[in-house]
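Me: I have a chain open on my screen and would like to talk through parts of it with you. Can you take a look?

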Amino acid sequence: MIPGHWHAHRREEDGEVLGYLEPVGGERYRPVTLLGHPVDGPVGEEDARAALDARGLSYLADPWLLSLPGRGEPIAVRILEVGPRRVRVANVDLGYEEADYGHVFVLDVPETGRLRLAGS
């Protein structure tokens, strides 16, 4: 669940939530994605908002990898939906035979490191 002290940052044009501002003390915030991944280090509020605006939501369409318990290699997944408490991803890894192609995994937000961008 997104901690209650995080503040949603919305895109000015349409009100879409781009991420959250996590207060870290004083007048400093850590901008985080919808998944709870940090975008930048602690910065002032305007810089945190600018970092989220610059990041946008395009990363949601990128290829992702999901680490699973008991499996050495992560599997390829596609993000289906992100909400304030959960992210749903679908298996798109033809080499992962333990679940059907398209099988949906539901993860808590903030996501704790099991999900990462492919190539990172």
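**A patch, a sheet and two residues**

Reply: A good place to begin in this predicted model is a nonpolar surface patch of about 220 Å², which is made by Leu 80, Val 104 and Val 106.

Me: Where does Leu 80 lie, then?

Reply: Leu 80 belongs to strand S6, which covers residues 75-82. Its relative accessibility is 34%, so Leu 80 counts as partly exposed, since buried would mean under 20% and exposed over 50%.

Me: And which way do the side chains along S8 point?

Reply: They alternate along the strand: Phe 105 and Leu 107 point to one face and are buried, whereas Val 104, Val 106 and Asp 108 point to the other face and are not buried. Two residues of that second group, Val 104 and Val 106, are the ones that join Leu 80 in the nonpolar patch.

Me: What is the strand order in the sheet there?

Reply: The sheet is open and has 5 strands, in the order S8-S7-S6-S5-S9, with antiparallel pairing. Strand S8 (104-108) and strand S9 (115-117) stand at the edges with a single partner strand each, so one side of each has no neighbour in the sheet. On average, neighbouring strands of this sheet are turned by 45° against each other, direction ignored.

Me: How many bridges join S7 to S8?

Reply: There are 5 bridges between strand S7 (residues 86-91) and S8, and the two strands run antiparallel. Among the pairs, Arg 88 has Val 106 of S8 as its bridge partner, and Ala 90 stands opposite Val 104 in S8.

Me: Changing topic to His 9: is that residue buried or exposed?

Reply: His 9 counts as buried because its relative accessibility is 5%, which falls under the 20% limit for that class. The residue is placed in strand S1, residues 7-10.

Me: Which residues does His 9 touch?

Reply: Leaving out residues up to four places away in sequence, His 9 touches Glu 16, Val 17, Leu 18, Gly 19, Tyr 20, Arg 49, Leu 52 and Asp 53.

Me: One last residue: where does Asp 40 lie?

Reply: Asp 40 is in the loop between strand S3 (28-32) and strand S4 (43-44), and it counts as partly exposed because its relative accessibility is 37%. With residues up to four places away in sequence not counted, Asp 40 touches Arg 30, Pro 31 and Ala 51.

Me: What separates Asp 40 from Glu 73?

Reply: Their C-alpha atoms are separated by 28 Å, and the two residues are 33 residues apart along the chain.

Technical notes
Residues numbered from 1 in each chain as written. Predicted model: local features only at pLDDT ≥ 70, side-chain atom pairs only at ≥ 80, totals over all residues. Heavy atoms only, no water. Helix = DSSP H or I, 4+ residues; strand = E, 2+ residues; numbered from the N terminus. Buried < 20%, exposed > 50% of the residue type's maximum accessible area, 1.4 Å probe, protein only. Contact = heavy atoms within 4.5 Å. Patch = residues over 30% accessible without salt bridge, like charges linked within 9 Å, V, L, I, M, F, W, Y side chains within 5 Å. Areas by Shrake-Rupley, 256 points an atom, 1.4 Å probe, with all protein chains shown as cover. Salt bridge = Lys/Arg side-chain N within 4 Å of Asp/Glu carboxyl O. Pairing = 2+ DSSP bridges. Axes fitted to C-alpha atoms, helices over the stretch in contact; angles between N-to-C directions.
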